[in-house]
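Good morning, colleagues. Please take a moment with the sequence and the structure before I go through selected features.

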Amino acid sequence: MARIVARTGENVEAIGNWGWLATAADAVAAPAELPHDSAWLEAAVPGTVAGTLRALGRLADDTAEAIGRQDHWYRTRLDRALSGVLRFEGLASWTEIWIDGTLAAESRSMFQPLALAVNLPAGAEIALCFRALAPRLASAPRRSRWRPAMIQPNGLRWFRTTALGSMPGWCPPGLPTGPFRPVQRVEIGNAVPVIAGIDLRTRYDGEAGTVALTVSLSDDTRGISPRALMRCAGREAALDIAAPGTLSGTLSLPGVAPWFPHTHGTPALHGLTLLISGETIDLGRIGFRSLAVDRGADGEGFGIVVNDVPIFCRGACWSSADLATLACGRAAYEPWLRLARDAGMNMIRVPGVTTYEDEAFFELCDELGIMVWQEMMLANFDYPQGDAAFCAAIQAEAETLLDRTQGSPSLVVLCGGSEVFQQAAMLGAPPAAWSGPVFDRILPEVVSRLRPNIAYVPNSPSGGPLPFVADKGVAHYYGVGAYQRGLDDARRATVRFAAESLAFANVPEEISLASGHPPALTHHPDWKRGVPRDLGASWDFEDVRDHYLGLLYGLDPARLRREDPQHYLALSRATSAEVMEETFAEWRRPGSPTCGALVWLLQDLVPGAGWGVIASDGEPKAAWHGLARAFRPVQVMMTDEGVNGLMIHLINERPVPLTAHLELTCWRDGAVAVANASRTIALEAYGSTSFSAFDLLGRFFDISYAYRFGPPGHDATSVVLRAAQAGPVLADAFHFPLGRGHARHDVGLHAKLERDGDGWALDLSCRRLAQSVHIISEGWRPAHNWFHLAPGNTRRIPLRPRADSLAAPLGEIRAVNAVDRVLYAPADVGA
């Protein structure tokens, strides 16, 4: 039976007015020994010690590192009497709960809520002591079969706390400490019956949705026989007495609109209410969907099928809405998740190195049509799976998570954790040591019992003769990326599903670097602090990006960085976007074995060139814009097939047929059309097709410059998919048979600023193909950026205000192959 979802007559309020005090580890045994009031500082709850230090302007590496070596006390007094429950939604992490000087409870897990029944007068003191974790980590049992380098120290494997703050090389220091989730007073009114628990199950068979609802009543109301109904999508069904104190019923909804990820349909949600003893209880919005796992013809793959529709899963891995505070709630999550949806992402992975997010996270993903790959907070370590208390803690975490998300259609995968199997295998442990009872027995049993409509994955990565091979099961793919292999490795690796991939040190936009923190000087130590690296490696992820900059543009990155740092940063931004777009074109083409891939990471934890495709200030980077093009539900792509020319790939992931117009043009010197062709294309709903550019042209033209019978006849090819001939552009793609090159020209950029409804838009055109066109503006964010623009086309780019900007747009337009720049302002300015 699920946790308490709703109670008749329940009144829940956050407890405020908290003070905070740091003391030496174990120096204060009880609240009576604490110093006078003047030593205490005001603290936000929910929040953390790091969040309080940041608010005070005192958060730095040394103060963050000191957090784990100190005890931290929080205390408050009740402003009025409480007869009910004290509820602690999350305490990080080794916590004592004192009430009026008496130790009332202890919490050893930051992932498990705790509730205390109380009867307290007004003025009662609540004190929380978060005991120093660092000395406990140091004294934890040290013996293990392997020790990961990424997470330190090894003793962390014994404690149920996040790895955030313990991953040098990419995550700032500081053990998360404090009441990071709400502390609440819960009062129960006189209304009866009192609901003790809700169990909610949904199903969808392609024609009808079904809600199965079981309500358990508290012990003091089991003698009552209430009348109860549930209502959803305009229908209702009665709940009958199934056992003493238990009501149960099933509601069938023929023809109900199903829930789809937003790329493939409408994420339809339906309100569910419970009517019991004259009261109406809102049980939230639920969705109906079926889910299956496609293992492929060989049984070795992994793909998600929703409502009988195969879904190419694409998106990114979550880090944190706010690392300092571990903020939760709709306001914290919504900006990040909306940007994910706007980029065409249909899946977010919450990896095992982070923390569980609250119900608002899943509610937003339900609304936005974003699937969630949720991992248990287990990563890299040789966990003590022979310890009964440890196994019980993991089971309780999984039960709590699935109870709280039981009606959420967005949750599609529960995964046992991150890189436990991989770490064991890479450090030489035999296959028998990779897994264990937590992954093999405990977690699959919880999924089967509580959420049989989601998929279970033992670990990420897993499958195949080694957990990390890409052509079996779930991979972490870095052939293109950290291993610096050619772009063709994305095909050669036969990736089936990449739960993480394509990590680069993605350079933020100029607006993000304008503060000077970090300085836009890539040799500066403060810049390098924001560049992620694997601990102990002789390279960092800026070196990885530089490798592909040289590959794509034929330049020496070190020399370019020294001689033209602004152009180096521009090409660095373009490189991330170009590599991601080209790699996903390979993975999404019809005939590819890849069923999904997620980029590492969605958002940066600190300012700088981090893994995030969104900067820590919330500004999308060039990589985000590249992914937004790569992830379009209606898509055109090209792949270079050598002597077979170019293959053109078309995808329609929408639930309705598509008739569109395709145009192909080959450009000499980026300005003269030397070959062109067009065709009307018809695609079925959820349909795709591939065909040769030779077929479209109807004659021989060395379009991939593979035959080389003479000098190249062109240096670029563009394809444009339009809604109709001369209609709006649905998608476009470009191919550079000679490479992107580094020569710069006068490309004849022209911009016209126009009113666009209540906002503004830029109409852009050029005389010569412009590569990686980017718009720079302080107050306005372009809806699309870092795109290629062919001659003869005018592209309209909506501008959206940042924050509450009221000033008219003013800025500059550049291209990485252009010497000319265009200023734009309310009065038209052209090249």
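**Cavities, a helix pair and a sheet**

I begin with the second largest cavity, whose lining comprises eight nonpolar, four polar and two charged residues. Please keep in mind throughout that this is a predicted model. The second largest cavity has a volume of about 80 Å³. Its lining consists of 14 residues, and those nearest the centre are Thr 161, Thr 162, Ala 163, Met 377 and Tyr 383.

How many cavities of 30 Å³ or more does the structure hold? There are four. The largest cavity encloses about 140 Å³ of space. Its lining is made up of 18 residues, with Glu 509, Glu 510, Ile 775, Ile 776 and Asn 785 closest to the centre. Four elements each supply two or more residues to this lining: helix 10 (510-513), helix 14 (565-588), strand 38 (770-777) and strand 39 (780-782). Strand 38 gives the most, namely four residues. By class, the lining of the largest cavity has seven nonpolar, four polar and seven charged residues.

I turn now to a pair of helices. In general, the packing of two helices is described by the angle between their axes and the distance between those axes. For helix 4 (residues 330-342) and helix 5 (residues 359-368), the angle is about 30° and the axes are 10 Å apart. The crossing of helix 4 and helix 5 is right-handed. Which residues meet at this contact? Helix 4 contributes Arg 330, Tyr 333, Glu 334, Leu 337, Arg 338 and Arg 341. From helix 5 come Ala 360, Phe 361, Leu 364, Cys 365, Glu 367 and Leu 368. The residues of this contact comprise seven nonpolar and five charged, with no polar ones.

My last topic is a sheet. Four strands form an open sheet in the order 32-31-34-35, and their pairing is antiparallel. Why is one side of strand 32 and of strand 35 left without a neighbour in the sheet? Strand 32 (672-683) and strand 35 (729-735) stand at the edges and each has a single partner strand, so one side of each lacks a neighbour there. From one strand to the next, the twist averages 15°. Within this sheet, strand 31 (residues 658-668) runs antiparallel to strand 32, and 11 bridges join the two. One residue to locate on the display is His 661, whose bridge partner in strand 32 is Thr 680.

Thank you for your attention; I welcome your questions.

Key. Residues are numbered from 1 along each chain as its sequence is written. This is a predicted model: local features need pLDDT of at least 70, side-chain atom pairs count only at pLDDT 80 or more; totals for chains, interfaces and linings use all residues. Side-chain values use heavy atoms; hydrogens and water are left out. Two strands pair if DSSP finds at least two bridges between them. Axes are lines fitted to C-alpha atoms, for helices over the stretch in contact, and angles run from 0 to 180 degrees between N-to-C directions. A crossing is left-handed if the near helix is turned anticlockwise from the far one by less than a right angle, and right-handed if clockwise. Contact means heavy atoms within 4.5 Å. Ala, Val, Leu, Ile, Met, Phe, Trp, Tyr, Cys and Pro count as nonpolar, Asp, Glu, Lys and Arg as charged, and the others, Gly among them, as polar. On a 1 Å grid over the protein atoms alone, a cavity is a set of points where a 1.4 Å probe fits but cannot get out, and a pocket is an open set with protein on both sides within 12 Å along at least five of seven lines; lining residues have an atom within 4 Å of a point. Grid points are joined across faces, edges and corners, and a volume is the space filled by probe spheres set on the points.
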